[in-house]
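Visitor: I'm new here. Could you show me around?
Guide: Sure, let's bring it up and take your questions one at a time.

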Amino acid sequence: RLSMIKKRIGISLRIVENTRYPESRDVLSHEWAQILEELNFVPIMIPNSLKNLHEFLNNIKIDGIILSGGDNIGDTPLRDKTELNLLTFGIEHNLPILGVCRGFQIINNFFEGDLIVTSNKKHVNSNHLIEIQESNFLEIINKKQFNVNSYHDNIISNETLSNSLIPIGVCITDKTIEICKHKTFPILCVMWHPERDINDINKIILKNFFDQL
């Protein structure tokens, strides 16, 4: 009996410098592999140092993309370049693309949105309620409000959200955008980290999104 072919999800990686000797490394939290395996997807790590990313992506034949979180845009130009190329490839091939925290921010910037850099730390290591404002998404998760984790300094408001993106849900305390989607492409952005909280809602969101195509 042949087993069902699982969808292959490409994930962008953070770049860190080894403190013991000069060496740049691509890294990813173990939690991403855990949640994707639990959802019956195959995680595929996307290196930052490839000379021909397009050729690599054509060879591995991914079914979806995650632009992962961690660090700010501009901290590691090589990662910025890789993720922008990955985003462009995903759009060209109509792949579902999930932007997580930093990934949300890079997608918003790509479509000519902007960021608000804060110093109040209200969204750093502090769970909070969000409210869903879009009826179609509400039907998927069947919950108007739910708690999410929060680890970001930068925030996105209605005023700084790209005109190409549609807000789906906001933080109930300051109305900043916590989740949005693209008007045309299969792109979803969340400001929290679903991999750090493998609950039913986060699993429903990821499973439904990557199974849509």
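Guide: This is a predicted model. Let's start with Asp-71, which is partly exposed, with a relative accessible area of 32%.

Visitor: Which side chain does Asp-71 meet in a salt bridge?
Guide: Look for a partner that also counts as partly exposed, at 28% relative accessibility. Asp-71 sits in the loop between strand 5 and helix 3, and the partner is 57 residues apart from it, in strand 2. With N and O 3.9 Å apart, the residue that Asp-71 meets is Arg-14.

Visitor: How many residues apart in sequence are Glu-38 and Lys-203?
Guide: Their side chains meet in a salt bridge, 2.9 Å from N to O. Glu-38 belongs to helix 1 and Lys-203 to helix 6, so the pair ties together parts whose separation in sequence is 165 residues.

Visitor: Why are the buried residues of helix 1 on the same side?
Guide: The buried ones are Trp-32, Ile-35 and Leu-36. They share a side of helix 1 because the arc they cover around the axis is only 95°.

Visitor: Which exposed residues does the face turned away from the buried side of helix 1 carry?
Guide: The buried side is covered by parts including strand 1, strand 4 and helix 6. Turned away from that side, the other face carries the exposed residues His-30 and Glu-37.

Visitor: What is the volume of the largest pocket?
Guide: Its lining divides into nine nonpolar, five polar and three charged residues. Among those closest to its centre are Ile-140 and Phe-209. The volume of this largest pocket is about 280 Å³.

Note on methods
Residues numbered from 1 in each chain as written. Predicted model: local features only at pLDDT ≥ 70, side-chain atom pairs only at ≥ 80, totals over all residues. Heavy atoms only, no water. Buried < 20%, exposed > 50% of the residue type's maximum accessible area, 1.4 Å probe, protein only. Helix = DSSP H or I, 4+ residues; strand = E, 2+ residues; numbered from the N terminus. Arc of directions from axis to C-beta. Contact = heavy atoms within 4.5 Å. 1 Å grid on protein atoms, 1.4 Å probe; cavity = no way out; pocket = protein on both sides within 12 Å on 5 of 7 lines; lining within 4 Å. Points joined across faces, edges and corners; volume = space filled by probe spheres on them. Nonpolar A, V, L, I, M, F, W, Y, C, P; charged D, E, K, R; others polar. Salt bridge = Lys/Arg side-chain N within 4 Å of Asp/Glu carboxyl O.
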